[in-house]
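Below are some comments on the model, set out as numbered points for whoever takes up the structure next. They begin with the chain as a whole and then turn to particular elements.

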Amino acid sequence: MRKFERKAAPECLRVNAKKYGKRWKIRHSKGKNWNWYEYQNQQNEVVILDTLYPLTQNHCAFCDIQKVIKGQIRPTIEHFYPKEKYHFLAYRWNNLFLCCDSCQSYKLAKFSRKLLKPDSLAYDFDKYFMFDFETGEIKPNESQSLHTQARAAETIKIYGLNKDSRPQARLNELEYYIITPFPTLVDFSYRDFIERAM
Ligand SMILES: [Zn+2]
């Protein structure tokens, strides 16, 4: 989970986040499905995605796979605080993250106070995590306090960061990076893994 800096919210959210949240709460109470509203004839979903892409250079904010853009890895907008419970945060800019389909489907509406946020000022990858370069797995940093390790473990579990072929995918990407002449890190997935392996 690579740290990034959040920039200003798109206008549609600056103007309407509160109103949309109220509207969604009512809609949800009637059993209706989630939808992104429109602002000045533009789909909010499209505008929000366009504003999110550069923050992580089209990488998933949680597993760092790229390219999370239309036509490649399906982009989704992750609600860090689940919209089903935290209605008023559903359109809050700070609650929205660019996310790949896999991370989204592992997390669903799960939430824990221990979860780490990649745009938090206090977040530091090496404080919380370390890698096993043999297996490609991401692990809590064993030199830290139990509380710090518990936060990392919960984040790994909820976003499924070691699920299925993900550890192997990190190893494969590292190999691909090594054999690429003059590689540019931003063009690769799992940048934290590659940087620490080199
Ligand atoms: Zn992901």
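1. This is a predicted model, and of the 198 residues in the chain, 30% count as buried. Among contacts with a separation of 6 or more, 63% are made by residues that stand 24 or more positions apart.

2. On overall dimensions, the radius of gyration is 18 Å, which agrees with the value near 16 Å that a compact globule would have with 198 residues. Taken along the principal axes, the C-alpha atoms fill a box of roughly 50 × 40 × 30 Å.

3. The secondary structure comes to seven helices and six strands, and their order along the sequence follows the pattern α-β-β-α-β-β-α-α-β-β-α-α-α.

4. Helix 1 deserves a careful look. This helix covers residues 11-29, 19 residues in total, and reaches 27 Å from its first C-alpha to its last, close to the 27 Å expected at 1.5 Å a residue. Helix 1 nevertheless contains a kink of about 65 degrees, centred on alanine 17, and just after the helix, glycine 31 adopts a positive phi of about 80 degrees.

5. Which residues of helix 1 are buried? They are Cys12, Leu13, Ala17, Tyr20 and Trp24, so that alanine 17, at the centre of the kink, is itself one of the buried residues. An α-helix has 3.6 residues a turn, so residues three or four places apart point the same way. The buried residues of helix 1 pack against strand 1 (38-39) and helix 2 (44-52).

6. The largest nonpolar core has 26 residues, of which Cys60, Phe62, Cys63, Leu98, Cys99, Cys100 and Cys103 touch the most other members. Helix 2, strand 4 (96-100) and helix 5 (146-158) each supply at least two residues of this core, and its largest share, five residues, comes from strand 4. Apart from this core lies another, of seven residues, which includes Leu13, Ala17, Ala90 and Tyr91; Leu13 and Ala17 are also among the buried residues of helix 1. In soluble globular proteins, nonpolar side chains tend to be buried together.

7. Cysteine 99 is worth inspecting individually, as one of the residues that touch the most other members of the largest core. Leaving aside neighbours within four places in sequence, cysteine 99 is in contact with Cys60, Ala61, Phe62, Thr76, Ile77, Glu78 and Gln104. Of these contacts, Cys60 and Phe62 are likewise listed among the core residues touching the most other members.

Conventions: Residues are numbered from 1 along each chain as its sequence is written. This is a predicted model: local features need pLDDT of at least 70, side-chain atom pairs count only at pLDDT 80 or more; totals for chains, interfaces and linings use all residues. Helices (H or I, at least four residues) and strands (E, at least two) are DSSP runs, numbered from the N terminus. The expected span of a helix is 1.5 Å times one less than its number of residues. The bend at a residue is the angle between axes fitted to the seven residues ending there and the seven starting there. A residue is buried if 20 or more other C-beta atoms lie within 10 Å of its own, exposed if 12 or fewer, and partly exposed in between; C-beta atoms are placed from the backbone. Two residues are in contact if their C-beta atoms, placed from the backbone, lie within 7 Å. A nonpolar core is a set of buried Ala, Val, Leu, Ile, Met, Phe, Trp, Tyr and Cys residues joined through C-beta atoms within 7 Å. The radius of gyration is taken over C-alpha atoms; the globule rule is 2.2 Å times the number of residues to the power 0.38.
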